[in-house]
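Here is a friendly walk through a model, told as questions and answers. Have the sequence and the 3D view open as you read.

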Amino acid sequence: MHIGELADRSELSLRTIRHYDEIGLLKPSARSDGGYRLYTERDFERLMLIRRMKPLGFALEEMGELLAAADALEADPADGAARSRMDAFLTEAVERRAKLERQLAAADEFIARLSAR
């Protein structure tokens, strides 16, 4: 698929996808004869993983580390270092989600108090 379709499907901007390419997070699987970026379904899934990390506040560098660990596990499911890194990311993601849940509860309480006035 071309970058426009990838942008539409992922609900990310062309600029964001190009930026991810420039910094090495999401390289296109191929280029057309005209030089257009071409992406696969696997690339889309990789982009969605990146997109899902954003609301949890992971930095671009951390995203790259997670993707490297995922690639290493795909190449060798027995890679202990990669498994350990993935487990650490899972623990961190659970903690960040819990923090967001607490913030959301506080926001709901605030809204309820304002609505009661």
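Q: Is Glu11 buried or exposed?
A: This is a predicted model, so its values are computed from predicted coordinates. Glu11 lies in the loop between α1 and α2. Exposed means over 50% relative accessible area. Because Glu11 has a relative accessible area of 63%, the label for Glu11 is exposed.

Q: What is the phi of Glu11, roughly?
A: Glu11 is not a glycine. Even so, its phi is positive, at about 60°.

Q: Which residue just after α2 takes a positive phi?
A: Here we look at the other end of α2. The phi in question is about 90°. The residue that takes it, just after α2, is Gly24.

Q: Why do the buried residues of helix α2 lie on the same side of it?
A: Helix α2 runs over residues 14-22, and its buried residues are Ile17, Tyr20 and Asp21. They share one side of α2 because the arc they cover around the axis is only 105°.

Q: Which exposed residues does the face of α2 turned away from its buried side carry?
A: Having placed Ile17, Tyr20 and Asp21 as the buried residues, we can turn to the opposite face. The exposed residues there are Arg15 and Glu22.

Q: What covers the buried residues of α2?
A: Both helices and strands take part in the cover. The strands include β1 (30-31) and β2 (37-38). The helices include α1 (3-10), α3 (41-53) and α4 (60-75).

Q: Which residues does Tyr20 touch, not counting residues up to four places away in sequence?
A: Tyr20 is one of the buried residues of α2. Leaving out residues up to four places away in sequence, its contacts are Leu12, Leu25, Leu26, Leu47, Ile50, Lys54 and Leu60.

Q: Which helix gives the most to the largest nonpolar core?
A: In soluble globular proteins, nonpolar side chains tend to be buried together. The largest nonpolar core here has 19 residues, and Leu6, Ile17, Tyr20, Leu26, Leu47 and Ile50 have the most contacts inside it. At least two residues come from each of α1, α2, α3 and α4. With five residues, the helix that gives the most is α3.

Q: How many salt bridges are there?
A: Side chains of opposite charge can pair when their charged atoms come close. One network of salt bridges links Asp21, Lys27, Arg31 and Arg37. Overall, the count of salt bridges is 13.

Q: How many residues apart in sequence are the parts that Glu65 and Arg85 tie together?
A: Glu65 and Arg85 form a salt bridge, with their closest N and O atoms 2.5 Å apart. Glu65 is partly exposed at 29% relative accessibility, and Arg85 is partly exposed too, at 34%. Since Glu65 lies in α4 and Arg85 in α5 (residues 80-115), the pair ties together parts whose separation in sequence is 20 residues.

Q: Is Arg96 buried or partly exposed?
A: Arg96 meets Glu92 in a salt bridge (2.7 Å, N to O). Both lie in helix α5, four residues apart, about one turn of the helix. Glu92 is partly exposed, at 29% relative accessibility. Arg96 has a relative accessible area of 18%, so Arg96 is buried.

Q: What is the relative accessible area of Glu101?
A: Glu101 and Arg97 meet in a salt bridge (3.1 Å, N to O). Both lie in helix α5, four residues apart. Glu101 counts as partly exposed, and its relative accessible area is 48%.

Notes
Residues are numbered from 1 along each chain as its sequence is written. This is a predicted model: local features need pLDDT of at least 70, side-chain atom pairs count only at pLDDT 80 or more; totals for chains, interfaces and linings use all residues. Side-chain values use heavy atoms; hydrogens and water are left out. Buried means under 20% relative accessible area, exposed over 50%, partly exposed in between (1.4 Å probe, protein chains only). The arc is that of the directions from the helix axis to the C-beta atoms. Contact means heavy atoms within 4.5 Å. A salt bridge is a side-chain nitrogen of Lys or Arg within 4 Å of a carboxyl oxygen of Asp or Glu. A nonpolar core is a set of buried Ala, Val, Leu, Ile, Met, Phe, Trp, Tyr and Cys residues joined through side-chain atoms within 4.5 Å.
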